[in-house]
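Me: Could you walk me through this one, a question at a time? I'd like the reasoning as well as the answer.

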Amino acid sequence: MAQLSDDCFAFAGSLLAVAEAERLIAERIVPVSECETVALREAGGRVLAADILAPVDVPPFDNSAVDGYAVRAEDLDGERETRLPIAGRAAAGHAAAHALQEGVAIRIFTGAPMPEGADTVFMQEDCRVDGDCVIVPAGLKRGANRRLAGEDVKAGAVALPAGRRLAVQHVALAAALGLTTLVVRRRVRVALFSTGDEIVEPGSPLPRAALYDSNRYLLAGLLARIGAEVTDLGILRDDPPALARALNAAAAAHDLVLTSGGVSTGEADFVRKAVESIGRIVFWRVAIKPGRPLAMGVIPGANTGADTGDGAAFIGLPGNPVAVFVTFVRIVRPLLLRLAGALPEPTIAMPVRAAFSYKKRTGRREYVRVTLRTAPDGAVEAIKYQQDGAGVLTSLTETDGLAELTEDVTAIEPGSTIGFLSYGALMG
Ligand code: AMP
Ligand code: MG
């Protein structure tokens, strides 16, 4: 399952633009191909392997959209109220006993089949009942309050396309089609490590110079939300031979090996060196802030598993937790979707008004953590979190999302329009 083709990416090693990193990923990542059949209840978050053609119309028959009275439009007086005898009753789940005769109405309830001959339904709130008759107002159009068979989905049409990642509404549509199982691609297998001599597991004592691992918890949660099967391989020490052995073993049984820490420019870029000793680094510096040290590569792997072709893709995220979050949602998430065989799900930044000043360099994409508020004039405004260090986790916990400042932007002033990405949308 080589998820990256092995020809040269011809990348020189300088800062790579985000769009270029995205393009390399989109071109080179090969989706997993194995499929499995899952019950509808287990299908949420999975990726459809093939188009689903509707086996039936939805709705299956013409029916009433309201509780009221079904009539024939030609029986109505165009100018004034019409008085019609009530000639029967049609309830949901029961086919109408007989066709609608000329000049009468049928009492009907929401979801009940339209009696043959009836084409229009008056809402009961708009009608008056007088003995055995109903008095309906003028002015309702033919076909009002009637739902036609197949108006939602026509039998034979593509109801859900291959590659759709199934959210609850897609599962509901499959249920409406009467399906009980769906054929989906297998889950993407991800091996997850943290790295660093200073990183310790929550629950252990905290020695001097150490800090608890937050990245693995952040990433495990993000990976689970995107439907990946995660193998948590713990914390690796800054020891290149041991790192190389662990990465190599992980590559054999996974589609993606995901680490954090140890890929920066300093002396201590153990992970990048370990990958270079067993595979190839494709790029390792992206023009994104926070997150610049971001490595991507290929690990050929030990090729022991039955289902493993020639290794795994490798992504080495930065160590700082906010950089981990930003690079995951902007770079790793699209990669995982592609690996999973899912259609692209671009997250569109919503325009909001900046309530802060900010200076930045061109040529680099920056993500600023912001909180939203409604200004007195009704506009939605973004307020920048006061601490913007890449290691400040509270800049994620105390805000609503990221303001995306594109490469060409040099300054934000109060009143500038900026693009806002909510955490909910980024993690969905
Ligand atoms: P590095 O890229 O390894 O130099 O790490 C950059 C910064 O991120 C350092 O301050 C690390 O201590 C921190 N860091 C690395 N890994 C983690 C982790 N798993 N959880 C929290 N912080 C981390
Ligand atoms: Mg480190």
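What follows is a set of questions and answers on a predicted model.

Me: Let's start with the ligand. What kind of space does ligand 1 take up?
Reply: Start with how well it is covered: on its own, ligand 1 has 490 Å² of accessible area, and the protein covers 77% of that. As for the space ligand 1 occupies, it is the largest pocket.

Me: Which residues come nearest to ligand 1?
Reply: There are 14 residues around the ligand. Two strands, β13 (189-195) and β15 (211-212), each supply at least two residues of that shell. Those that come nearest are Glu198, Asp213, Asn215, Gly262 and Gly319.

Me: How far is the side chain of Asp213 from a nitrogen atom of ligand 1?
Reply: A few polar atoms are worth looking at here. Ser194 has a polar side-chain atom 3.5 Å from a nitrogen atom of ligand 1, and Asn320 puts a backbone N or O atom 3.2 Å from one of the ligand's oxygen atoms. For Asp213, an N or O atom of the side chain sits at a distance from a ligand nitrogen of 2.7 Å.

Me: Is Ser260 buried or exposed?
Reply: Ser260 is part of strand β17 (residues 256-260). Its side chain makes a polar contact of 3.1 Å with the side chain of Asn215. The relative accessible area of Ser260 is 2%, and the cut-off for burial is under 20%, so Ser260 counts as buried.

Me: And Ser277, buried or exposed?
Reply: Ser277 belongs to helix α5 (residues 270-278). Its side chain reaches the backbone oxygen of Ala274 at 2.7 Å. With a relative accessible area of 53%, and over 50% being the cut-off, Ser277 therefore counts as exposed.

Me: How far apart in space are Ser277 and Gly428?
Reply: Along the sequence, 151 residues separate Ser277 and Gly428. Going through space from C-alpha to C-alpha, the distance between Ser277 and Gly428 is 36 Å.

Me: Now the strands. Which residues of β6 are buried on its two sides?
Reply: Strand β6 covers residues 105-108, and both of its faces are covered. One side has Ala105 and Arg107, and the other has Ile106 and Ile108. The buried residues are thus Ala105, Arg107, Ile106 and Ile108.

Me: Which strand runs parallel to β6?
Reply: Take β4 (residues 68-71) to begin with: it is joined to β6 by 3 bridges, but the two run antiparallel, and Ala70 has Ile106 as its bridge partner. Another 3 bridges join β6 to a strand at residues 82-90, and this pair runs parallel. In that pairing Ile86 is partnered with Ala105. The parallel strand is β5.

Me: Why is β20 largely enclosed by the rest of the structure?
Reply: Strand β20 spans residues 293-299, which is 7 residues. It is largely enclosed because the number of those residues that are buried is 6.

Me: Which residue in β21 stands opposite Gly297?
Reply: Strand β20 has pairings to look at with β18 and β21. With β18 (residues 280-285) it shares 4 bridges and runs antiparallel, and there Ile281 stands opposite Gly297. With β21 (residues 312-317) there are 5 bridges, again antiparallel. The β21 residue opposite Gly297 is Phe314.

Note on methods: Residues are numbered from 1 along each chain as its sequence is written. Chains are lettered from A and ligands numbered from 1 in the order in which they are written. This is a predicted model: local features need pLDDT of at least 70, side-chain atom pairs count only at pLDDT 80 or more; totals for chains, interfaces and linings use all residues. Side-chain values use heavy atoms; hydrogens and water are left out. Buried means under 20% relative accessible area, exposed over 50%, partly exposed in between (1.4 Å probe, protein chains only). Two strands pair if DSSP finds at least two bridges between them. A residue is near a molecule or strand if one of its heavy atoms lies within 4 Å of it. A polar contact is a pair of N or O atoms within 3.5 Å; within protein, one must be able to donate a hydrogen and the other to accept it, and residues adjacent in sequence count only if both atoms are side-chain atoms. Accessible areas come from the Shrake-Rupley method with a 1.4 Å probe; for residues, only the protein chains shown count as cover. On a 1 Å grid over the protein atoms alone, a cavity is a set of points where a 1.4 Å probe fits but cannot get out, and a pocket is an open set with protein on both sides within 12 Å along at least five of seven lines; lining residues have an atom within 4 Å of a point. A molecule sits in a cavity or pocket if more than half of its atoms lie within 2 Å of its grid points.
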